Every structure is written in structure tokens, then in C-alpha cells.
Amino acid sequence: RFEEKEGVRQFLLKNLYRNSEQQFAWRINLKVITKNIDVVGHELLVPAASDTETLFIKGADSHYIQPEDHRYIAEIFPNFDLIEIPHAGHWVQADQPEAFLAALNQVL
């Protein structure tokens, strides 16, 4: 039900803004997403690993990053860390904004 999807509403509203004509517009490139929706979520082919310190923040209730994915992540980002936020789904920043900011502040 729509009223049960507060996190989804928050995520969508963060991508909505008023343009210079004061009309509502999307920050996300909806045309590109629509054109390429068939490949959204497919594996990315990365030509080389990055040894840059990289942080992944995952909602504990999200199934987007699985334990078996850690090996693939480590191949691309060997210097990565993963913070898991309880009681959050895929949109951690919308589901648990305070915990999300605390995780960022912890590493920044």
C-alpha cells in the first residue's frame, strides 16, 4: 500500500525540484533510465580495480548486497568497508536517516 512506502516516497521526493520556470522536474535522468532499463541491475564490467578507500552502507533488510557478493566487491575495491544499518532497506538514507548520517560521520 502506498501509505506504507514512506521510504520510497522520501527517495522520490528528494529527486524532485523546481526548475528556473518554477515547474517541478526530476533531478534523475529519467530519459536515460527509461532507455536503458533493460540493463539496470546487470553486472558492471570493470577494467581495473581501485585501491581507493571505499565505503558501502547497506540496509540490513535489503537483499541488494549478499554475503557472496563481498568477494566480487573486494576484487574491484580491495580497500572497502561495509557498514550495515539495522531496520533499513535498500534506501538506507530514507529509512534510517540518523543512522545513515552517523555512519558517514564515523568514517569522515
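**Exercise 1.** Does Phe80 count as buried, partly exposed or exposed, and at what relative accessibility?

*Solution.* The model is predicted: local features need pLDDT of at least 70, side-chain atom pairs count only at pLDDT 80 or more, and totals for chains, interfaces and linings use all residues. Residues are numbered from 1 along each chain as its sequence is written, and side-chain values use heavy atoms, with hydrogens and water left out.

Step 1. Take the classes: buried is under 20% relative accessible area, exposed is over 50%, and partly exposed is in between (1.4 Å probe, protein chains only).
Step 2. Phe80 has 24% relative accessibility and therefore counts as partly exposed.
Step 3. Phe77, at 26%, also counts as partly exposed.
Step 4. Ser62 is buried, with a relative accessible area of 8%.

**Exercise 2.** Describe the aromatic pairs of the model and the parts that they tie together.

*Solution.* A pair of aromatic rings is described by the distance of the centres and the angle of the planes.

Step 1. Apply the rule: rings of Phe, Tyr and Trp (its six-membered ring) pair if their centres lie within 6.5 Å; planes under 30 degrees apart are stacked, over 60 edge-to-face, and the rest tilted. The count is two aromatic pairs.
Step 2. Phe56 and Phe77 are edge-to-face, with 5.7 Å centre to centre and 70° between the planes. Phe56 lies in strand β3 (residues 54-59) and Phe77 in the loop between α3 and β4 (80-85), so this pair ties together parts 21 residues apart in sequence. Helices (H or I, at least four residues) and strands (E, at least two) are DSSP runs, numbered from the N terminus.
Step 3. For Phe56 and Phe80, the ring centres are 5.9 Å apart and the planes are at 90°, so this pair is edge-to-face. Phe80 lies in strand β4 and Phe56 in strand β3, so the parts tied together are 24 residues apart in sequence.
Step 4. Ring pairs link Phe56, Phe77 and Phe80 into a cluster.

**Exercise 3.** Which rings have an arginine over the face, and at what distance from the ring centre?

*Solution.*
Step 1. The criterion is NZ of Lys or CZ of Arg within 6 Å of the ring centre and within 35 degrees of the ring normal.
Step 2. Phe24 has Arg18 over its face, at 4.1 Å from the ring centre.
Step 3. Tyr72 has Arg71 over its face, at 4.4 Å from the ring centre.
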